[in-house]
Amino acid sequence: MKSKRCICVKSKRMQPLSAATPNFSTTFANRIFSDVAGDITIIVDGESFLLHKFPLVARSGKIRKLVADAKKSKLELTNFPGGPEMFELAAKFCYCMNFVITIANVATLRCAAEYLEMTEDYQDENLVERTQTYLTQVVCPSLENSVQVLSACEKLLPLAEEIGIPDICVAAIAMNACKEQLVSRLDCDSGSLEWWADDLSGLSISFYRRVVISMRQSGVRTDSIVASLMHYAETWLKGIGKHQLWNPARTSLIESGQRSILETLVTLLPVEKNSCIPLNFLFGMTRVAIMVEATLSCRVELERRIAYKLEMALLDDLLIPSLQTGDSLFDVDTIHRILVQFLHRIEEEEEEEECGYELEEMGHGCLLKVARLVDAYLAEIAPDPYLRLEKFIAMIEVLPDYARVIDDGIYRSIDIYLKSHPMLSEHECNKLCKLIDCQKLSQEGCNHAAQNERLPVHLVVRVLYFEQVRMKSGLCGEGQKMSCSGVGSAAMSPRDTYASLRRENRELKLEISRMRVRLSDLEKEQVVMKEGMIDKCRQGNSVLTSISRGIAMLKQHKLKPRRSKR
């Protein structure tokens, strides 16, 4: 149930000076009582209030000091919280008139009471005490009310901060979010999270940061915080995840506050490596970071987080448009840095003391997946006429040789690049084609390369040569050759021995992967042969069936009795 939002305020001790109805008309001199002449004029933001000293000085320490010091009948209050409207409510309280404290005005009224020094030093149950009680009893028990009051504090700084209203609301929000989590047992995909995540999205980034930190300290689950961060990013970072945003002509439309919001959100991301941050969200944040020219540390942090989940990425995630004029259509440099971070991650996992064969096998599997993804990415960016050869080669060379079982993907992307860049010199063409390992091409790749006129002649000769060698030697000969690679390592140190064993292990895995590919090709050929034999058998059976039918008909014809002639 929602908390009660308003209370009626009326002093118990002071009574109105007259039974006449108060009149707050918007004339040059607003008057409280139409039949009692005022003896002091107070100006608030250019608007005058003709009032009486006694009820004001009885409750306001500030007005009491100003009257005593100035000894004038006209006072001006500058920078009054909430302007004339809030001063009117404070004056009503001084005159013991009923009015309503609500969620919408409690923060401003609390600041106005602080400004006028309406504390217990001058009267019991003064306006400071009344508004503070409302905050404690009505606002704090409700997460929604706390968010509304915290949002209202945006226009009341720095006075609201000095009073401590934001701290009260932030603590209340974290406490209520923690209660909701314990009661409802929400999970990351629960729709019940949306109601308070949507409320938090209305806060400024400075207040939102304080709320998230307090929620984390209070024990709110990481997945709940991630859901809130994503909702806030989708609300404030305009066009996150939308490719139509990446138009250089529209860069002026990006709001100036986007950079500060994005950098703050990145600092609020959970530090756990296995946190449930969707990969497409991290790529979307990276796109916005490029657009708003975020700091290098912010972009590096996003790239590092992507690297820890890169094997789960899709090709569309990697296609980040470039914003630099005259450069390639896609941001190749960012993807290259992500791949470098990914390789560092693989090395760290392999060098861990508790790393076993199973973990190393998982790392090798991730490397194979990323290699296939990179090959698809290379084929996608190869037709770009503005993609420089140096960047294209760097993208091919960033992964180690053992990351690829076969080089068909590299061959395909290089062929597309040669076709899209016919003006390459012979030297550049040779430099690019050296990256193709002819021994790692499949049968289909070899057949295509042998007839490819865009390839240098020496490469075509190498393809044909290695294909002949492969046909003669067979798979067994290659396995024996690989088994001899570890001879002569007895004099090495333990560290070098471990490195050599790891290298041999990788080579063996690569060879096994190659054999699996070969076996898969043989199985496909066997299936084709079986289908052909089945078709031939069916044709033979049909012929035998027709022959047997013909013989049966002849037998019937012979056995049929003839009629005797008379």
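This dialogue introduces a predicted model through a few of its features.

Trainee: How many helices and strands does the protein chain have?

Mentor: The model before us is predicted. Its protein chain has 23 helices and 6 strands. Of the 566 residues of the chain, 44% count as buried.

Trainee: What part of the contacts in the protein chain comes from residues 24 or more positions apart?

Mentor: Taking the contacts with a separation of 6 or more, residues 24 or more positions apart account for 72%.

Trainee: Let us turn to the strands. How should I read the side chains along strand S5?

Mentor: In a regular strand the side chains alternate between the two faces of the sheet. Strand S5, residues 74–77, shows the alternation: Leu75 and Leu77 point to one face and are buried. Lys74 and Glu76 point to the other face and are not buried.

Trainee: In which sense do S3 and S5 pair, parallel or antiparallel?

Mentor: Strand S3, residues 40–44, pairs with S5 in the parallel sense, over 4 bridges. One place to look is Val44, whose bridge partner in S5 is Leu77. Leu77 is also one of the buried residues of S5.

Trainee: How does S3 run relative to S4?

Mentor: S3 and S4 run antiparallel and are joined by 5 bridges. Within this pairing, Thr41 has Leu50 of S4 as its bridge partner. The two strands form a hairpin with 2 residues between them, and in this hairpin Asp45 takes a positive phi near 50°.

Trainee: Why is strand S4 described as largely enclosed by the rest of the structure?

Mentor: The description rests on burial: 4 of the 5 residues of S4 (residues 47–51) are buried, so the strand is largely enclosed by the rest of the structure.

Trainee: Next, the core. Which residues of the largest nonpolar core touch the most other members?

Mentor: That core has 141 residues, and Ile42, Tyr208, Leu265, Ile414 and Leu432 touch the most other members. Tyr208 can serve as a case to follow. Setting aside residues up to four places away in sequence, Tyr208 touches Leu200, Leu203, Ser228, Leu229, Tyr232, Leu265 and Leu268.

Trainee: How is a pair of aromatic rings described?

Mentor: A pair of aromatic rings is described by the distance of the centres and the angle of the planes. A search of the whole structure finds 7 aromatic pairs. Among them, Phe93 and Phe99 form an edge-to-face pair, 6.4 Å centre to centre and with 80° between the planes. Phe93 is buried, with a relative accessible area of 1%, and Phe99 counts as buried at 6%.

Trainee: How are the rings of Tyr232 and Trp236 arranged?

Mentor: Tyr232 and Trp236 form a stacked pair, with centres 5.8 Å apart and 25° between the planes. Because they are 4 residues apart in helix H11 (residues 222–236), about one helical turn separates them. Tyr232 is buried, at 0% relative accessible area, whereas Trp236 is partly exposed at 29%.

Trainee: Which residues do ring pairs link into a cluster?

Mentor: Phe49, Phe80, Phe87 and Tyr115 are linked in this way. Tyr115 has a further neighbour to inspect: Lys62 lies over the face of its ring, at 4.9 Å from the ring centre.

Trainee: May we finish with some polar residues? Which side chain joins Asp408 in a polar contact?

Mentor: The side chain of Ser442 does, in a polar contact of 2.4 Å. Asp408 lies in helix H19, residues 408–420. Residues up to four places away in sequence aside, Asp408 touches Lys440, Leu441, Ser442 and Gly445.

Trainee: Where is Arg304, and is it buried or partly exposed?

Mentor: Arg304 belongs to helix H14, residues 296–307. It is partly exposed, with a relative accessible area of 27%. Its side chain is joined to that of Glu301 by a polar contact of 2.7 Å. The C-alpha atoms of Arg304 and Phe342 are separated by 7.7 Å, although these residues are 38 residues apart along the chain.

Trainee: Where is the place of Ser322?

Mentor: Ser322 is found in the loop between helix H15 (315–318) and helix H16 (332–351). Ser322 is buried, with a relative accessible area of 15%. Leaving aside neighbours within four places in sequence, Ser322 is in contact with Asp327, Ser328, Leu329, Phe330 and Asp331.

Notes
Residues numbered from 1 in each chain as written. Predicted model: local features only at pLDDT ≥ 70, side-chain atom pairs only at ≥ 80, totals over all residues. Heavy atoms only, no water. Polar contact = N/O pair within 3.5 Å; in protein donor to acceptor, adjacent residues only side chain to side chain. Contact = heavy atoms within 4.5 Å. Core = buried A, V, L, I, M, F, W, Y, C linked by side-chain atoms within 4.5 Å. Buried < 20%, exposed > 50% of the residue type's maximum accessible area, 1.4 Å probe, protein only. Phe/Tyr/Trp six-rings, centres within 6.5 Å; stacked < 30°, edge-to-face > 60°. Lys NZ or Arg CZ within 6 Å of the ring centre and 35° of its normal. Pairing = 2+ DSSP bridges.
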